[in-house]
Amino acid sequence: MAVKSPRPVYSIDTKIIRLSGDPLQRKILGFGDEIILDYTNDDLRQQKLLVLMLKLNSLGFAFSYDYKSYSSPSDYMKQLLCSGELTTSFKEISWKNQEFWLLTTYEYEKNITKT
């Protein structure tokens, strides 16, 4: 039996988050194929993007890696992890083809220094 890949956040740009995977699962979670970031204020749009990406992560979405993309969803999540805005793990998904995909988990580890 073939294992289905997790629900991926396929791509992000300045105004749209694109989702992929089972349409029924997305509908149950309240999402369609795209989430429009319809804000004229860049600060509000960036804040909404941050909130949505953190929510998608908490719902178990994986974040697509595409080396050809200027800013792939997994790159965005790595930035959040490094900046401390993401304080949990996240999953990155990359594909060789539809039948062959890799899932990588990036873990958050708080650096505790003892004095």
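Student: Which strands does the hairpin join, and through how many residues?

Tutor: In this predicted model, the hairpin leads from β1 to β2 by way of 3 residues. Strand β1 covers residues 8-12 and strand β2 covers residues 16-19, and the two pair in the antiparallel sense over 3 bridges. Two of the facing positions can be picked out by eye: I12 stands opposite I17 in β2, and V9 stands opposite L19 in β2.

Student: Which other strands pair with β1 or β2, and in what sense do they run?

Tutor: On one side, β2 pairs with strand β3, residues 34-36, in the antiparallel sense and over 3 bridges, with I17 standing opposite I35 in β3. Strand β1, in turn, is joined by 2 bridges to β4, and these two strands run parallel; here V9 stands opposite F63 in β4. If you follow I17 in the structure, you will find I12 opposite this residue in the pairing of β1 with β2, while I35 is opposite in the pairing with β3.

Student: How should I think about the side chains along a strand, and is β1 mostly covered or mostly open?

Tutor: The general idea is that side chains in a regular strand alternate between the two faces of the sheet. In the present case β1 is mostly covered, with 4 of its 5 residues buried. One residue to look at is S11, which has its place in strand β1 and is buried, with a relative accessible area of 18%. Setting aside residues up to four places away in sequence, S11 touches I16, I17, R18 and P73.

Student: Where does S72 lie, and is S72 buried or exposed?

Tutor: S72 lies in the loop between β4, residues 62-64, and α3. This residue counts as buried because its relative accessible area is 1%, which is under the 20% cut-off for that word. Apart from residues up to four places away in sequence, S72 touches I12, S64, Y65 and D66, and I12 is the residue that you have already met opposite I17 in β2.

Student: R45 has a charged side chain, so where does R45 lie, and is R45 buried or exposed?

Tutor: R45 lies in helix α2, which runs over residues 42-58, and R45 counts as buried because its relative accessible area is 8%. Beyond its neighbours within four places in sequence, R45 is in contact with T14, K15, L37, Y39 and T40. A polar atom of the R45 side chain lies 2.3 Å from the backbone oxygen of Y39. The pair R45 and T14 shows how sequence and space can be read together, as they are 31 residues apart in sequence and 8.0 Å apart in space, C-alpha to C-alpha.

Student: How does one look for empty space in a model, and what is the volume of the second largest pocket?

Tutor: The general idea is to roll a probe the size of a water molecule over the atoms, which shows where empty space is left. In this structure the second largest pocket has a volume of about 150 Å³. Its lining is made up of I12, D13, T14, Q46, L49, Y70, S71, D75, Y76 and Q79, and these residues divide into 4 nonpolar, 4 polar and 2 charged.

Student: Which helix gives the most to the lining of the second largest pocket?

Tutor: That is α3, with 3 residues, while α2 and α3, the latter being residues 73-83, each supply at least two residues of the lining. T14 appears in this lining and is also among the residues in contact with R45.

Student: How many helices and strands are there in the chain, and in what pattern do they follow along the sequence?

Tutor: The chain has 3 helices and 6 strands, and reading along the sequence gives the pattern β-β-α-β-α-β-α-β-β. The C-alpha trace spans about 50 × 40 × 30 Å along its principal axes, and buried residues make up 31% of the 115 residues in the chain. As for how distant parts of the sequence meet, 44% of the contacts between residues at least 6 apart in sequence join residues at least 24 apart.

Key
Residues numbered from 1 in each chain as written. Predicted model: local features only at pLDDT ≥ 70, side-chain atom pairs only at ≥ 80, totals over all residues. Heavy atoms only, no water. Buried < 20%, exposed > 50% of the residue type's maximum accessible area, 1.4 Å probe, protein only. Contact = heavy atoms within 4.5 Å. Polar contact = N/O pair within 3.5 Å; in protein donor to acceptor, adjacent residues only side chain to side chain. 1 Å grid on protein atoms, 1.4 Å probe; cavity = no way out; pocket = protein on both sides within 12 Å on 5 of 7 lines; lining within 4 Å. Points joined across faces, edges and corners; volume = space filled by probe spheres on them. Nonpolar A, V, L, I, M, F, W, Y, C, P; charged D, E, K, R; others polar. Pairing = 2+ DSSP bridges.
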